[in-house]
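Biologist:
I would like a close look at one part of this model, and then a walk outward from there to the rest of the chain. Please keep it brisk.

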Amino acid sequence: MIHAAHASRFHWGEAPECKPENLARGEWQVSRAYTVAGFAEPALRHARRCLDHCEANGLGDWDLAYAYEAIARAYKTAGKDPEAAAYKKLAAEVPIAEADDREHFAKDIATL
């Protein structure tokens with residue numbers, strides 16, 4: 001799972017049609033794989049990369065919400081509940097335009 005996530009992210013980075021949101025989402029996916037496997041430190045590193053892509057490229061909406069969610073989940077995996085709660089709050093405050101996206105995000109954030 002972790003290798004597949006890294007491979008996906010790598011290949012997006014090499015694709016001529018790659019956009020900043022592809023890179024952010026790839027970093028989110030790698031972070032999520034690490035949290036599922038219970039590895040907090042690399043999960044946090046990739047979650048921060050996801051946020052870096054969002055901030056550097058003005059990505060908001062779904063991508064920014066999930067960047068914060070990834071950081072919250074990585075902190076939760078590390079047992080750092082106050083930090084996780086702070087980023088969960090930031091994630092929940094990001095406006096998401098599409099109703100389906102909001103619903104999907106609400107289900108994910110509720111699992112923290």
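Starting with Cys-54, is this residue buried or exposed, and what is its relative accessible area?

Modeller:
Buried: Cys-54 has a relative accessible area of 1%. Bear in mind that this is a predicted model.

Take the sulfurs next. The structure holds 0 disulfides. Cys-50 is in none, and its nearest cysteine sulfur belongs to Cys-54, 4.7 Å away. Seen from the other side, Cys-54 is likewise in no disulfide, with the sulfur of Cys-50 as its nearest at 4.7 Å. A disulfide needs the two sulfurs within 2.5 Å, so a separation of 4.7 Å does not qualify. Cys-50 is buried as well, at a relative accessible area of 2%.

Now the helix around them. Cys-50 and Cys-54 are among the buried residues of H3, which runs over residues 40–57. H3 has 18 residues. Its first and last C-alpha atoms lie 26 Å apart, close to the 26 Å expected at 1.5 Å a residue. The other buried residues of H3 are Ala-40, Pro-42, Ala-43, Leu-44, His-46, Ala-47, Leu-51 and His-53. One general point helps in reading such a list. An α-helix has 3.6 residues a turn, so residues three or four places apart point the same way.

What do the buried residues of H3 pack against? Their partners are helix H1 (2–14), helix H2 (20–37) and helix H4 (61–77). Past its end, H3 is followed by Gly-58, with a positive phi near 65°.

H3 also carries a salt bridge. The side chains of Glu-41 and Arg-45 meet at 2.7 Å, N to O. These two are 4 residues apart in H3, which means about one helical turn separates them. Glu-41 counts as exposed, at 54% relative accessibility. Arg-45 is partly exposed, at 35%.

Cross over to H2. The 18 residues of H2 should span 26 Å at 1.5 Å a residue, and the end C-alpha atoms are indeed 26 Å apart. The buried residues of H2 pack against H1, H3 and H4. They are Asn-22, Leu-23, Ala-24, Gly-26, Glu-27, Val-30, Ser-31, Ala-33, Tyr-34 and Thr-35. Just after H2 comes Gly-38, with a positive phi of about 90°.

Ser-31 is a good residue for seeing how H2 meets its partners. Ser-31 lies in H2 and is buried, at 1% relative accessibility. Set aside its neighbours within four places in sequence, and Ser-31 touches Ala-43, His-46, Ala-47 and Ala-70. Ala-43, His-46 and Ala-47 are among the buried residues of H3.

H4 brings in buried charge. There, Arg-73 and Glu-69 form a salt bridge at 2.5 Å, N to O. Both sit in H4, 4 residues apart, about one turn of the helix. Arg-73 is buried, and Glu-69 is too. The pair does not stand alone: Arg-32, Glu-69 and Arg-73 are linked in a network of salt bridges.

Another bridge joins Lys-76 to Asp-81, at 3.4 Å, N to O. Lys-76 is partly exposed, with a relative accessible area of 41%. Asp-81 is partly exposed too, at 40% relative accessibility. Over the whole structure the count comes to 8 salt bridges.

Finally, step back to the whole protein. The protein has 6 helices and 0 strands. From the N terminus on, the order is α-α-α-α-α-α. Along its principal axes the C-alpha trace spans about 40 × 30 × 25 Å. With 112 residues, a compact globule would have a radius of gyration near 13 Å, and the protein agrees, at 13 Å.

The burial seen around Cys-50 and Cys-54 fits into a chain in which 40% of the 112 residues count as buried. Among contacts between residues at least 6 apart in sequence, 60% join residues at least 24 apart. The accessible surface comes to about 6200 Å², of which carbon and sulfur atoms make up 55%.

How values were computed
Residues numbered from 1 in each chain as written. Predicted model: local features only at pLDDT ≥ 70, side-chain atom pairs only at ≥ 80, totals over all residues. Heavy atoms only, no water. Buried < 20%, exposed > 50% of the residue type's maximum accessible area, 1.4 Å probe, protein only. Expected span 1.5 Å × (residues − 1). Contact = heavy atoms within 4.5 Å. Salt bridge = Lys/Arg side-chain N within 4 Å of Asp/Glu carboxyl O. Rg over C-alpha atoms; globule rule 2.2 N^0.38 Å. Areas by Shrake-Rupley, 256 points an atom, 1.4 Å probe, with all protein chains shown as cover.
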